[in-house]
Amino acid sequence: YNEYKSYLRMSTDECGFGDYNVTVVNNFTIPARDGIQLAARIYIPDKLSSGKFSATFDFFNTIEDKTELVTTKPRHNANRKTYPTIVECVPYYKDEFTATRDYSRHNWFCSHGFVCLRLEMRGSGASEGLYFGEYLPQEQKDLEDVMRFIQSQKWSNSKIGMYGKSWGGFNSLQMAFHQNSSSLLSDRLLTTAVSLYSTDDRYNHDIHYQNGVVVGSEMLPWSAQMFVWNARPPPPRYFKTFKAWESEWLHRLNNASQSWLAGWLEHQHEDDIFWKHGSIKEDYDKIDIPFFIIGGLEDGYKTSKYRMSRKLNNKCKFMIGTWGHQFPDDSNLGPRLYYLKMCKDWFSSHLANDDEIKDETSLWPRVQIFVRDSFNANDLKKDNAPGKMIRLDGHNNDHDRIVLYELKAKLKSSENFGVYHFDKDKISETPSNDAKNKVLLKPHAHQGYSPGAYMSLGRNTDFAYNQKLALDSSLTYYSSELKEDLYMVGDSTLFAGVHSTTWERIYIHVKVCDVFPDGGATLVSRCIYHLSKDRKYFKVPDDSTPSNVQHPYSRIYPLKMSLASHCFKPGHRVALSIAPSAFPYMWPSCSKDEVYFLPGNSYFVFEKILSSYAEKNIVKHPSPKPLLKIPKEIFSSGKSEIRENVKDGIYITEWYNDGGSYCLSEHGVKTHETSRLLYETDTDVTYGKVQVSNMLKMSFDKFTHSDSSTPHYDVEIHTNQIMSGGYDTYDLDETLDIKLGGEPFWSKKWACKIPRYDL
């Protein structure tokens, strides 16, 4: 049931559109190898009636709307025979949730001579079938089938690129990886890709676990988001009858509606194939095509971008801005840049017909990174962050060498590296003489205060605000006031001397902050680690074992921090804190074992650059042009709130987000979505509890039939999930309730206890 729509390109150059007219087929299906029909929206830089496309869309003659498109520019495609293709594949509902961004971006790319295909994963949106989780082998097989279809068409030049943010950034990396693995994919079909906010390591650097620890503030909320989205019905506009639509929806609910949370918690180890399958770190050499990889300093995947810049082939380019989990041209956090043109230049350089290729990107720096100047954490949400984008061509791998170094030499600061040693309550470049000291690490609820969101979308609830309370509640060491700019840019590692008598379950949270003269503190870098799972440690030398400490139970762990890109200003101080708790960001260990920090056996190594280097290597980018806006009627604006309450030793933080209510008339759907998160623990963080309640309302007014007995297409979906537990288990309770036309339609509950495995 294919639907055709013509878009008239804007009559001005305000949005930077190209010279090609755009024709959009809103819903076209492509068969997978097992017969499942995969739905896609296709953007064509030509008329459907042209000989190149008429065979693909053989239903064209039955379509009443045959309006010829008009352009204010000369058309350059009259004699063009074939086109490259850009593919984006996500499960996020092309007829509602991503319609706004698709309208702005795929139309734009198409106007510059690319066929754009926005594919819906099987079991989502208008696609048939079922899907059961993230980045499964079936997803890559379906993409292979779609790419084969593209290459078989008369209009295709056989060059295919992928494009996507988050999920679409992940699966582009995975397709490039697995097309060099004959065990899964048989053809090499992908030529290049633009990947935003993705990771190379799905266990250690994703939203579920980090270095063996459950990310308490993110794993359940992300599960809850997909829980409610996966319960959405397919768009009724593509079904002949109400019964057919209802039957397809019930098929999904009855077979694939359970949340993914239990599955994630059942796979608690890094060496599990569950995580390895989607992690390109298993063999970086399998990525042999060029990638343009983009990250943001307010996004949780920033560290993986920097790591990939040292691991992937030399045809790849990397850019890390100040953004959160948003596109670089419309992020709530600036500076924003003309990102669409950069993507167009990238695809033109790698996908164009051989006689049309223009090398637009070979002179780009290998790495571009935004270095933020000292800023008040509470001001970050105010549009542009202070700082500059710089190039990092020729940055070295010395940090990795130092991390693997066996501690036989005393490290000293240099042009490329800074080294801080610990002594009493201070850090300095002078090695400590107090090697026998030990400090007990005590948990406290305030150690996890204001962690910020892993994937910041620029909402009030997403930012890590003033960290002073967290620093005051942790074991914190401070540098002296800086006398000149300190550019901490790149990797950093705390070599942490730690002692425990059992090593059954030891969690550590480390934070680096910029402390202002007034005492306020801004988060710069952090890490969480399950030390009992980490086999990468060194023994504490015999001659520096603290008194009353059994030597076999003292270890030095190299704890790699998240990417830092920050300029500390004169008069400020560097703070480094160590804590055994950080709820909700780090799920509680619930362990009663005593853990000690050994300052005399610890030091902090960080990459840095000179002020002169930063000033000489500034990269300028043009501001973005306005984005083409989809027609949208807004009924209520969104809002975000944080509430905190402490009563009788119980700490409760509530995050509330209301996405607002709006209608996309082009797609005939009205939407309103809200989310409420509750985080609860006690003073000593002996337990953790997270509850997420989501609500999604959808009203449809476009469908292909006129059945007078059909009830209103008013859908209301409610999900509620609770994750709690102590030392032995993760305890889950989940409910899904759906109303149709105001009446109960479908409901189910799930509950389970999942053992916590440590060693």
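# Exercises on a predicted model

In this predicted model, S104, R105, W108 and F109 of α2 meet Y339, L340, K341, C343 and K344 of α10 (contact means heavy atoms within 4.5 Å). The model is predicted, so local features need pLDDT of at least 70 and side-chain atom pairs count only at pLDDT 80 or more, while totals for chains, interfaces and linings use all residues. Residues are numbered from 1 along each chain as its sequence is written, and side-chain values use heavy atoms, with hydrogens and water left out.

**Exercise 1. Describe how α2 and α10 cross.**

Step 1. Two packed helices are described by the angle between their axes and the distance between the axes.

Step 2. The axes of α2 and helix α10 (residues 339-351) come within 11 Å and cross at roughly 40 degrees. Axes are lines fitted to C-alpha atoms, for helices over the stretch in contact, and angles run from 0 to 180 degrees between N-to-C directions.

Step 3. This angle makes α2 oblique to α10. Angles under 35 degrees count as roughly parallel, over 145 as roughly antiparallel, 65 to 115 as roughly perpendicular and the rest as oblique.

Step 4. The crossing of α2 past α10 is right-handed; that is, the near helix is turned clockwise from the far one by less than a right angle.

**Exercise 2. Compare the end-to-end reach of α2 and of α4 with the expected span, then state how many residues of each are buried.**

Step 1. Helices (H or I, at least four residues) and strands (E, at least two) are DSSP runs, numbered from the N terminus. The expected span of a helix is 1.5 Å times one less than its number of residues.

Step 2. Helix α2 (residues 99-111) has 13 residues and reaches 17 Å from first C-alpha to last, close to the expected 18 Å. For the 12 residues of α4 (residues 167-178), the end C-alpha atoms are 16 Å apart, in agreement with the expected 16 Å.

Step 3. Buried means under 20% relative accessible area, exposed over 50%, and partly exposed in between (1.4 Å probe, protein chains only). In α2, 12 of the 13 residues are buried, so the helix is largely enclosed by the rest of the structure; among them are Y103, W108 and F109. In α4, 12 of the 12 residues are buried, so this helix too is largely enclosed.

Step 4. Just after α2, G113 has a positive phi of about 100 degrees.

**Exercise 3. Place H277 and list its contacts.**

Step 1. H277 lies in the loop between α8 (273-276) and β10 (291-296).

Step 2. With a relative accessible area of 17%, H277 is buried.

Step 3. Not counting residues up to four places away in sequence, H277 touches Y135, L136, P137, Q140, H178 and L184. One of these, H178, is among the buried residues of α4.

**Exercise 4. Which strands pair with β26, and which way do its side chains point?**

Step 1. Two strands pair if DSSP finds at least two bridges between them. Strand β14 (residues 417-423) pairs with β26 in the antiparallel sense over five bridges, and six bridges join β18 (residues 486-500) to β26, also antiparallel.

Step 2. Y603 in β26 stands opposite H421 and is the bridge partner of F495.

Step 3. In a regular strand the side chains alternate between the two faces of the sheet. Y603, V605, E607 and I609 point one way from β26, and F604, F606 and K608 the other way.

Step 4. Seven of the seven residues of β26 (residues 603-609) are buried.
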